Amino acid sequence: MAMNQFNLPGCLIIEEGACERLNEILADCVPGIEKKKIVIATEESLIPIMKSYLDEMQRDLPKSDLYLIDENSFDEAMELAKHICMKDVEVIIGVGGGKVLDVAKYAGFVGKIPYICVPTTLSNDSLSSPVAVLGTEGDARKTLKCAIPAGIVVDVNVVMGAPASHLQSGIGDTISKYTALYDWKLDAAHRKERVDDFSYLLSDMALSSLCYNEEKSLKSKEFIKILTQSLVLGGLAMEIAGNSRPCSGSEHLFCHSLEENHKEIQISHGMAVALGSLVSCRLQGRDVGTLEAVLKAYHMDMDPMNWGITKEIFTDAWMRAADTRKDRYTVLNEAALSEELLGRIYDKLRAGK
């Protein structure tokens, strides 16, 4: 099997108070950074929350400027990439949630400069992944290949201030690996290929460390560290595999189908793939007990109706899920999907069974 060429972040810091010594960390990550031209990408709503850290960064990095990101779109990323190229920017630092990080990551990739990731929340594994999910026309979103960060700095104290729903979304994106890894093996058998053992192991470790840890409080420092490690491992698994298969299977196709065909549904990516995993697991003929126990422990609402997903929408989204990525072989290519089967699964989800 040919070895995929991959990169790893130059630094990975997960600790309490990391933002209080951010400039020291940045200097280790990018030698001579204090002399480089820098863009600090963030969003307006975060400036009051992160003001002391942003002020200190700009004080110690005299050639740095703030750049405010309005929306998670391809056009926004290209505007930032243009700014990077026109202003001869040498380093980009993303400070924020998924919107800021995806735009900054892709802009840094296009501008061919190092990108440092400083997340303020943990809603999915994009913080270390080699892809950026950006809006295109209308409500459509596209997953674009790019480079992983040159450095990742997670301040546990900052992330603890994130809304519980964001952290639950991060849990959902992590546990979806349970069905994604199974689908990856199905795909490999179908193509008569092998899965990449090392990236499979990393993704499985990401899943296991979250599922089998003892800390069940969303707002505990230990939990934040575990969730960060799981999301980082997932991103690195994708980088090593050279694709998103270690973390994305039929449960993600369901999420894409909801996004593309039922735009009225307001559910986070992580919650959608968690719901998808409960269904994919049944279609794969496996016991859903492990997933249900984790979701229950973190008080994650898996009743589709509470998210506005009626039986009709649920059934339609699953029947059209495989069409969202026709190149992706999953259990959906083997399961005998029907309105009756999906209706029974929907009723079980509503009943919490």
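Q: In this predicted model, how far apart, N to O, are the side chains of D327 and R325 in their salt bridge?
A: D327 and R325 meet through their side chains. The model is predicted, and a salt bridge here needs the nitrogen within 4 Å of the carboxyl oxygen. This pair makes the cut, with an N to O value of 3.3 Å.

Q: Is D327 buried, partly exposed or exposed?
A: Buried means under 20% relative accessible area and exposed means over 50%, with partly exposed in between. D327 comes in at 49%, so it counts as partly exposed.

Q: Which residues are joined into one network by salt bridges that share partners?
A: Here some salt bridges have partners in common. That sharing links them into one network, made up of E15, R21 and E24.

Q: Which helix holds both R191 and D187?
A: These two form a salt bridge, with their closest N and O atoms 2.8 Å apart. They sit 4 residues apart, about one turn of the helix. The helix spans residues 177-191 and is α7.

Q: Is D187 buried or exposed?
A: Its partner R191 is partly exposed, at 39% relative accessible area. For D187 the value is 7%, and the cut-off for buried is under 20%. So D187 counts as buried.

Q: How many residues apart are D347 and K311?
A: D347 and K311 form a salt bridge, their closest N and O atoms being 3.0 Å apart. The pair links distant parts of the chain, with D347 in helix α14 and K311 in helix α13. Along the chain, they are 36 residues apart.

Technical notes:
Residues are numbered from 1 along each chain as its sequence is written. This is a predicted model: local features need pLDDT of at least 70, side-chain atom pairs count only at pLDDT 80 or more; totals for chains, interfaces and linings use all residues. Side-chain values use heavy atoms; hydrogens and water are left out. Helices (H or I, at least four residues) and strands (E, at least two) are DSSP runs, numbered from the N terminus. Buried means under 20% relative accessible area, exposed over 50%, partly exposed in between (1.4 Å probe, protein chains only).
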